[in-house]
Amino acid sequence: MPEYLAKTGYANPSAPDDGIFQFTKRSKGNLFDYYNSHSQEGASFNQVMGGVMAHQASWLSIYPHEILVETAVAGSPILVDMGGNIGHDLERFRAAHPETADRLILQDRADVVALAKCPDPVQRMTHDFFTPQPVHGGSQCRETEIGARAYYMHGVLHDWSDEPAIQILEMLRPAMVPGYSKLLVHDHVLPESRPHPQATAYDLTMMVKVSALERSESMWRELLLKAGFAIIKIWTSSLMTQSIIEAEPAE
């Protein structure tokens with residue numbers, strides 16, 4: 001890392017395919033491209049990520065999840081877990097609301113969703129979130145189509161610097177129904193000063209591995225606004241260092 005930072009004038013890395021990870025590995029492409037082409041390391045990475053997700057406090061203890069079930073259009077998708085790994089968060093929701101299983105959708109890379117822990121009839125869907133969201137109900141859809149009640153991303157956007165993060169959000173936004181669909185971003189929301197040590201450790205890890213960062217509330221607001229979203233509320237809990245940002249398409 002010192003060599004890379006000296007070479008780049010100690011600027012914060014922001015290119016996902018040209019950062020400290022690539023410099024160290026002497027590779028091209030982003031971290032996920034690398035693990036796709038190095039299967040043994042990729043399998044270890046997936047296991048580590050699954051372990052991290054499994055041992056975090058449940059997001060259901062932060063967000064009032066019952067409202068998603070109570071207010072969803074009958075028969076329509078309730079929750080899409082974007083980049084949801086093997087489904088730890090989605091499985092927690094299914095366990096709380098087992099009657100909704102066939103209206104829950106797990107999205108990630110093909111090799112990841114193949115290992116999903118969610119039982120049938122939860123839908124497993126291969127999806128690249130840099131492409132248009134296939135579970136859609138936006139203005140270009142037929143009147144009989146309705147998008148999901150909520151699109152959930154846990155630890156997704158902190159993997160990307162602002163430019164690619166905005167691209168991800170812009171691929172999602174047209175699929176959402178204004179006034180109905182919600183965006184739930186489950187990530188660290190740093191205070192403007194004296195953040196928790198866990199969050200600062202994550203911030204350094206994101207810089208090294210993916211040329212990205214953890215964001216403060218003001219940074220989240222600016223990012224989401226640029227992508228066409230307005231924050232409704234930031235949900236927090238004393239049990240967790242992460243928060244859930246509830247947002248919707250801006251008018």
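Biologist: I would like to learn to read this structure one residue at a time. Where is the place of His158?

Modeller: His158 sits in the loop between β4 and α8. Keep in mind that the model is predicted.

Biologist: Does that loop position settle the next point, or must I look it up? Is His158 buried or exposed?

Modeller: Look it up. A residue counts as buried when its relative accessible area is under 20%. His158 has 6% relative accessibility, so it counts as buried.

Biologist: Which side chain joins that of His158 in a polar contact?

Modeller: The side chain of Glu214 does, at 2.7 Å. There is also a backbone partner: a polar atom of the His158 side chain lies 3.3 Å from the backbone oxygen of Gly155.

Biologist: Setting aside neighbours within four places in sequence, which residues is His158 in contact with?

Modeller: Contact here means heavy atoms within 4.5 Å. Apart from those neighbours, His158 touches Asp187, Tyr202, Met206, Val210, Ala212, Leu213, Glu214 and Arg215. Glu214 is thus both a contact and the partner in the 2.7 Å polar pair.

Biologist: The helix after that loop is next. Which residues of helix α8 are buried?

Modeller: The general idea comes from helix geometry. An α-helix has 3.6 residues a turn, so residues three or four places apart point the same way. In helix α8, residues 162–172, the buried set is Pro164, Ala165, Ile166, Ile168, Leu169 and Leu172.

Biologist: What do the buried residues of α8 pack against?

Modeller: They pack against five strands and a helix by name: β1 (79–82), β4 (150–154), β5 (182–190), β6 (215–216) and β7 (229–235), together with α10 (217–226).

Biologist: Now a residue in a strand. In which strand is Ile244 found?

Modeller: Ile244 belongs to β8, residues 242–249. With 0% relative accessibility, Ile244 counts as buried.

Biologist: Which residues is Ile244 in contact with, leaving aside its neighbours within four places in sequence?

Modeller: They are Trp59, Ile62, Tyr63, Leu184, Val185, His186, Lys233, Ile234 and Trp235. Sequence separation is a separate matter from distance in space. Ile244 and Thr71 are 173 residues apart in sequence, and their C-alpha atoms are 19 Å apart. Ser61 and Ser238 are 177 residues apart along the chain, with 10.0 Å between their C-alpha atoms.

Biologist: Is Ser61 buried, partly exposed or exposed?

Modeller: Partly exposed is the class between 20% and 50%. Ser61 has 38% relative accessibility and therefore falls in it. Its place is the loop between α4 (39–54) and α5 (66–71). A polar atom of the Ser61 side chain lies 2.6 Å from the backbone oxygen of Ser58. Outside its neighbours within four places in sequence, Ser61 is in contact with Ser237, Leu239 and Met240.

Biologist: Another loop residue, then. What does the side chain of Asn30 reach?

Modeller: The Asn30 side chain reaches the backbone nitrogen of Asp33, at 2.8 Å. Asn30 is in the loop between α2 (20–25) and α3 (31–37), and counts as buried because its relative accessibility is 16%. Beyond its neighbours within four places in sequence, its contacts are Pro16, Asp17, Gln22 and Trp160.

Biologist: How do I read backbone angles? Which residue has a positive phi of about 55° although it is not a glycine?

Modeller: Most residues other than glycine have a negative phi, and most peptide bonds are trans. Arg26 has a positive phi of about 55°. Arg26 lies in the loop between α2 and α3 and counts as exposed, at 77% relative accessibility. Arg194 also has a positive phi, near 55°. Arg194 is in the loop between β5 and α9 (197–210) and is exposed, with a relative accessible area of 78%.

Biologist: And which peptide bond is cis, with omega near 10°?

Modeller: The bond from Asp120 to Pro121. Pro121 lies in the loop between α7 (110–113) and β3 (123–126).

Biologist: Last, the chain as a whole. How many helices and strands does the protein chain have?

Modeller: There are 10 helices and eight strands. For 251 residues, a compact globule would have a radius of gyration near 18 Å, and the chain agrees with its 18 Å. Of those 251 residues, 50% count as buried. Among contacts between residues at least 6 apart in sequence, 66% join residues at least 24 apart.

Terms used. Residues are numbered from 1 along each chain as its sequence is written. This is a predicted model: local features need pLDDT of at least 70, side-chain atom pairs count only at pLDDT 80 or more; totals for chains, interfaces and linings use all residues. Side-chain values use heavy atoms; hydrogens and water are left out. Helices (H or I, at least four residues) and strands (E, at least two) are DSSP runs, numbered from the N terminus. The radius of gyration is taken over C-alpha atoms; the globule rule is 2.2 Å times the number of residues to the power 0.38. Buried means under 20% relative accessible area, exposed over 50%, partly exposed in between (1.4 Å probe, protein chains only). A polar contact is a pair of N or O atoms within 3.5 Å; within protein, one must be able to donate a hydrogen and the other to accept it, and residues adjacent in sequence count only if both atoms are side-chain atoms.
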